[in-house]
Amino acid sequence: MPKETSRQDFINPKTNTKITPLQWEIYEAVRKVPEGKISTYKEVSTYLKTSPRAVGQAMKKNPFGPHPVPCHRIIASNYYIGGFNGKWGNNDKVAYLRREGLNINEDGFVQDEDVLFKDFNLQDGSNIKDLVEEQRQKLSTAS
């Protein structure tokens with residue numbers, strides 16, 4: 001039986017550092033954005049009473065993405081898709097969003113106005129603790 005994992009001791013494999021309490025909150029909020037919808041750095045930051053930049057940095061370091069923490073669904077307030085996985089001009093984000101049915105023009109802007117998700121108070125019934133354990137299992141089998 002694996003040792004129970006907590007947020008406090010989980011090491012992000014992308015950064016080799018512990019995930020901060022704010023980052024955990026951001027990941028939990030972003031998990032609520034459903035397929036076929038997008039939200040913005042500003043919407044997430046408003047919900048959590050933090051800065052859009054903090055949301056962007058958490059998305060850049062997201063060890064659970066693109067699923068089950070769909071960082072590709074977080075874009076700029078002007079509907080520009082922006083970066084993905086720490087890089088600008090990454091076509092993976094466009095591909096993910098298009099697979100989910102979103103219309104993105106050649107300049108990288110989402111064209112659908114009715115896809116903005118704002119209701120972060122929804123409960124999805126899952127627990128981020130389960131994600132931590134899944135990630136640990138993946139890392140231990142990859143070693």
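Helices (H or I, at least four residues) and strands (E, at least two) are taken as DSSP runs, numbered from the N terminus. On this basis, Tyr79 falls in the loop between S4 and H4. The structure described here is a predicted model, in which local features need pLDDT of at least 70 and side-chain atom pairs count only at pLDDT 80 or more, while totals for chains, interfaces and linings use all residues. Residues are numbered from 1 along each chain as its sequence is written, and side-chain values use heavy atoms, with hydrogens and water left out.

The secondary structure of the chain consists of five helices and four strands. Along the sequence, these elements follow the pattern β-β-α-β-α-α-β-α-α. Of the 143 residues in the chain, 40% are buried, where buried denotes under 20% relative accessible area, exposed over 50%, and partly exposed in between (1.4 Å probe, protein chains only). The accessible surface of the chain amounts to about 8300 Å², and carbon and sulfur atoms account for 48% of that area. Accessible areas were computed by the Shrake-Rupley method with a 1.4 Å probe; for residues, only the protein chains shown count as cover. Contacts are defined by heavy atoms within 4.5 Å. Among contacts between residues at least 6 apart in sequence, 66% join residues at least 24 apart.

In soluble globular proteins, nonpolar side chains tend to be buried together. A nonpolar core is here a set of buried Ala, Val, Leu, Ile, Met, Phe, Trp, Tyr and Cys residues joined through side-chain atoms within 4.5 Å. The largest such core has 20 residues, and those with the most contacts inside it are Ile26, Tyr27, Val30, Val44, Met59, Phe64 and Ile74. Two or more residues of this core are given by each of helix H1 (21–30), helix H2 (41–48) and helix H3 (52–60). H1 supplies the largest share, five residues. Another core, of ten residues, lies apart from this one and includes Tyr79, Ile81, Val94 and Ile104.

Within H2, the residues Val44, Ser45 and Leu48 are buried. These three lie on the same side of H2, because they cover an arc of only 95° around the axis, the arc being that of the directions from the helix axis to the C-beta atoms. The buried residues of H2 pack against H1, strand S3 (39–40), H3 and strand S4 (74–75). Just after H2 comes Lys49, in the loop between H2 and H3. Its phi is near 55°, a positive value in a residue other than glycine. With a relative accessibility of 76%, Lys49 counts as exposed.

A positive phi, of about 75°, is also found at Tyr79, which is not a glycine. Tyr79 counts as buried, at 14% relative accessibility, and is among the residues of the ten-residue core. Two cis peptide bonds are found as well: that from Gly65 to Pro66 has omega near 0°, and that from His67 to Pro68 has omega near 10°. Pro66 is placed in the loop between H3 and S4, and Pro68 is likewise in the loop between H3 and S4. As background to these features, most residues other than glycine have a negative phi, and most peptide bonds are trans.

The structure holds one salt bridge, defined as a side-chain nitrogen of Lys or Arg within 4 Å of a carboxyl oxygen of Asp or Glu. The side chains of Arg73 and Glu100 form this pair, with an N to O distance of 2.8 Å. Distant parts of the chain are thereby linked: Arg73 belongs to the loop between H3 and S4, and Glu100 to the loop between helix H4 (91–99) and helix H5 (128–142), 27 residues apart. Arg73 is buried, at 6% relative accessibility, and Glu100 is buried with a relative accessible area of 12%.

A further polar residue, Gln23, is located in helix H1. Gln23 counts as buried, with a relative accessibility of 13%. Its side chain reaches the backbone nitrogen of Thr20 at 2.9 Å. This is a polar contact, a pair of N or O atoms within 3.5 Å; within protein, one must be able to donate a hydrogen and the other to accept it, and residues adjacent in sequence count only if both atoms are side-chain atoms. When residues up to four places away in sequence are not counted, Gln23 touches Lys18, Ala58 and Lys61.
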